Amino acid sequence: MVILGTANCPTSHVTGITRRSFGVGCAAVAMTGCGRREQFAPTNSTSDSPTVAHARSFAEQHMPEKVRASLVEMASMVERGFTTAPVRVRIAGHLYEVPANYLSPKAQADLKAYATTGAKHFELPASTGIGGLSFFWPTLEGFSLTNWVDLWDRRRINYRTFKVENINSLPTEQVMERLHTAGVIEARPGISRSGLSGYRWVTPDGNFQDRVEWIGRTTEGRLFHMHSLIPGSAAAHQVPNPLCIVDMVDVGKREEVFYNFSLDLFDHWLEIERGTRRIIEGWRKD
């Protein structure tokens, strides 16, 4: 299965600029540290635009001096190329108009392979899903002229897959059944939080782990599944930015979604699920 816009490198997120120019800033930003929660007011040179000033302030507070200029240069490139213009994509007969600032550079580059002569949209194979999307909590906006600066921003929600039709993955119910059969998770929910029932993973000698499979229902009655470390656990504190991984397959509705967000946002899982789905469904134009 091909999913557009998904990359192993977490740096492929800024939109509206060339991938080469984006690479200039990657090395610089990669040295900033992980999971910063704070935001920074634009400061410094009066000749700077708000975008450049914000990047300069962030760089001065969190980056080695030798690479600060790269981030400031990157900010100028982002500012020149930023756009929210819709990108028209057709998947399995359905047309979506995705604002460009929600798509990573890799996702946009991947789409070029599916350009159709004379058409005003990209025609994707039926086996393909939309990927490379980013939303920012709590507004669920896409990339802005400032929020791209911190690659490990804990407000970011990374949508790896939204697929319709031609679902070939195991349904959520079967995934849970196999985990139960294999004996790797407890037989009944051992913990609960924010409306979710948690099945803890079990070691061969019968001890509970801090990894949990969470099951619940959305307000629409859809089965929800994600896995994460237990919030506040020792294991979670050992990871710079632990994630909640949402992985759901609904064969009846012919949908498959895969996305992640910071463990800090655990208690907002329902708002994130409902809000991102509403936005994506709003992009559908037929």
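This briefing walks through the main sheet, a helix that lies across it, the nonpolar cores and one buried threonine. The model is predicted, so local features need pLDDT of at least 70 and side-chain atom pairs count only at pLDDT 80 or more, while totals for chains, interfaces and linings use all residues. Residues are numbered from 1 along each chain as its sequence is written, and side-chain values use heavy atoms, leaving out hydrogens and water.

**The sheet**
- Eight strands, in the order β4-β5-β11-β10-β9-β8-β7-β6, make an open sheet with antiparallel pairing; strands (E, at least two residues) and helices (H or I, at least four) are DSSP runs numbered from the N terminus, and two strands pair if DSSP finds at least two bridges between them.
- β4 (133–136) and β6 (191–193) stand at the edges with a single partner strand each, so one side of each has no neighbour in the sheet.
- On average, neighbouring strands are turned by 25° against each other, direction ignored; axes are lines fitted to C-alpha atoms, for helices over the stretch in contact, with angles from 0 to 180 degrees between N-to-C directions.

**From β6 to β9**
- β6 and β7 pair over 3 bridges, and Ile191 has Gly198 in β7 as its bridge partner.
- Their hairpin has 2 residues between the strands, and Ser194 takes a positive phi near 50° there.
- Because 6 of its 7 residues are buried, β7 is largely enclosed by the rest of the structure; buried means under 20% relative accessible area, exposed over 50%, and partly exposed in between (1.4 Å probe, protein chains only).
- β7 and β8 share 5 bridges, with Tyr199 opposite Glu213 in β8.
- β8 (residues 208–217) also pairs with β9 (residues 223–229) over 7 bridges, where Glu213 has His227 as its bridge partner.

**Helix α7 and the cores**
- Helix α7 (residues 269–283) lies across several strands, including β4, β5 and β11, and runs at about 130° to β11.
- The largest nonpolar core (buried Ala, Val, Leu, Ile, Met, Phe, Trp, Tyr and Cys residues joined through side-chain atoms within 4.5 Å) has 40 residues, and Trp283 is one of those that touch the most other members.
- α7 gives the largest share of this core, 5 residues.
- Another core, of 15 residues, lies apart from it and has Met63 and Phe143 among them.

**A buried threonine**
- Thr172 sits in helix α5 (residues 172–182) and counts as buried because its relative accessibility is 4%.
- Leaving aside residues up to four places away in sequence, Thr172 touches Ile215, Leu223, His225, Asp247, Met248 and Val249; contact means heavy atoms within 4.5 Å.
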